[in-house]
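I opened my notebook beside the viewer today and jotted things down as I looked them up. Here is the model I had on screen.

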Amino acid sequence: MPSVQKKSAPLLLVVLAFLIVYAVWGSTYFFISKAVAGFPPFFLGAFRFIIAGTLLLGWCIFNGLPVFNKKNIFHAGISGILMLGVGNGIVIWVEQFLPSGLVAIMVSSAAIWFVILDKGKWKENFSNKFTVAGLIIGFLGVILLFWEQLTASFSVQQDSRNVLGMILLIIGPIGWAGGSLYSKYHPAPDTPASVSTAWQMLIAGVLFIPGSIIAGEMNDFQFQNVPESAWWSIAYLIIFGSIVAFSAYVWLLQVRPATQVSTYAYVNPVVAVLLAVFFANEIISIIQITGLVVILASVLLINLSKYKKSPVKAT
């Protein structure tokens, strides 16, 4: 695996980027559910990422950034396909029939796959007891957070489609973690992360089109029938979920350890549950509160261990 150039970044920017990824991606659970009420899932992925990628690429061109480097486009395409095409695409498809709690648990396993797939960092990560403990405790916390939904989903007989969905949910997080690590270890030299992010979204968005065609999503779809809430939701997903948060995520991969960045997979479900409590009047149980506390403790463990080993240079 190619070595990645070590970069330092202002502490304030790092904290801000983490907050964006934690909060915005946690809120996208809610907005995706609103958007799919008006848009077919694969068309939603194509529409969201093509528009977001085009807008960001246009911004890069306007600012005179080097965007048409074939090698950089190739690397961005691979990471974009793995992260957004495979990882995000599988989640979109299985959310049509699998309970959200089960999906959230399986998706959170990406944090563990970051450690397993990052072979160059095996010695550092597996020798760090705080990192290992944090990852395991965090995953257990996510299970606690969605334990009631999980037991309810397994109380009914599973059909073959559900079993296939759960198998795919093992592949999805592997694709996301693999694409993230590929992006980290194949950065575009002297090129802002925004350029790579734009190509990742644009190429992945195009990849969703064949899925939409094969699924026959456009046979009965009409734009005039899309509710206003779905339009506002997809606008939020494009601007904040993709352009802002995904850009922050790709940038964090370049300046912080991958295992630390992967903690988003544990924090996002926490944010989603808290938003449901405060804005949808859902009731949170004692076991969910326990899961929240466990997750936050695990994230603190991982972050403290990584900052101790690899401090960010504040400016």
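Does F68 count as buried or exposed, I wondered, and at what relative accessibility? I had to keep in mind that this is a predicted model. I found F68 at 60% relative accessibility; the cut-off for exposed is over 50%, so F68 counts as exposed.

Next I looked up where F68 sits: in the loop between α2 (41-62) and α3. I also checked its distance to W199. The two are 131 residues apart in sequence, and I got 9.8 Å in space, C-alpha to C-alpha.

Then I stepped back to the whole chain. I counted 14 helices and 0 strands, so to speak an unbroken run of α from the N terminus on. Of the 315 residues, 50% count as buried.

From the loop I moved on to α3 itself, residues 70-94, and its packing with α9, residues 160-185. I noted an angle of about 155° and axes 8 Å apart. Angles over 145 degrees count as roughly antiparallel, and therefore α3 and α9 are roughly antiparallel to each other. I logged the crossing of α3 past α9 as left-handed. For the residues of this contact I wrote down 16 nonpolar, 10 polar and no charged.

My last entry is on α11, residues 228-255. I took 1.5 Å a residue for its 28 residues, which should give a span of 40 Å; I found the end C-alpha atoms 39 Å apart, which agrees. I also noted a bend in α11 of about 30° at L237.

Definitions and conventions: Residues are numbered from 1 along each chain as its sequence is written. This is a predicted model: local features need pLDDT of at least 70, side-chain atom pairs count only at pLDDT 80 or more; totals for chains, interfaces and linings use all residues. Side-chain values use heavy atoms; hydrogens and water are left out. Axes are lines fitted to C-alpha atoms, for helices over the stretch in contact, and angles run from 0 to 180 degrees between N-to-C directions. Helices (H or I, at least four residues) and strands (E, at least two) are DSSP runs, numbered from the N terminus. Angles under 35 degrees count as roughly parallel, over 145 as roughly antiparallel, 65 to 115 as roughly perpendicular and the rest as oblique. A crossing is left-handed if the near helix is turned anticlockwise from the far one by less than a right angle, and right-handed if clockwise. Ala, Val, Leu, Ile, Met, Phe, Trp, Tyr, Cys and Pro count as nonpolar, Asp, Glu, Lys and Arg as charged, and the others, Gly among them, as polar. The expected span of a helix is 1.5 Å times one less than its number of residues. The bend at a residue is the angle between axes fitted to the seven residues ending there and the seven starting there. Buried means under 20% relative accessible area, exposed over 50%, partly exposed in between (1.4 Å probe, protein chains only).
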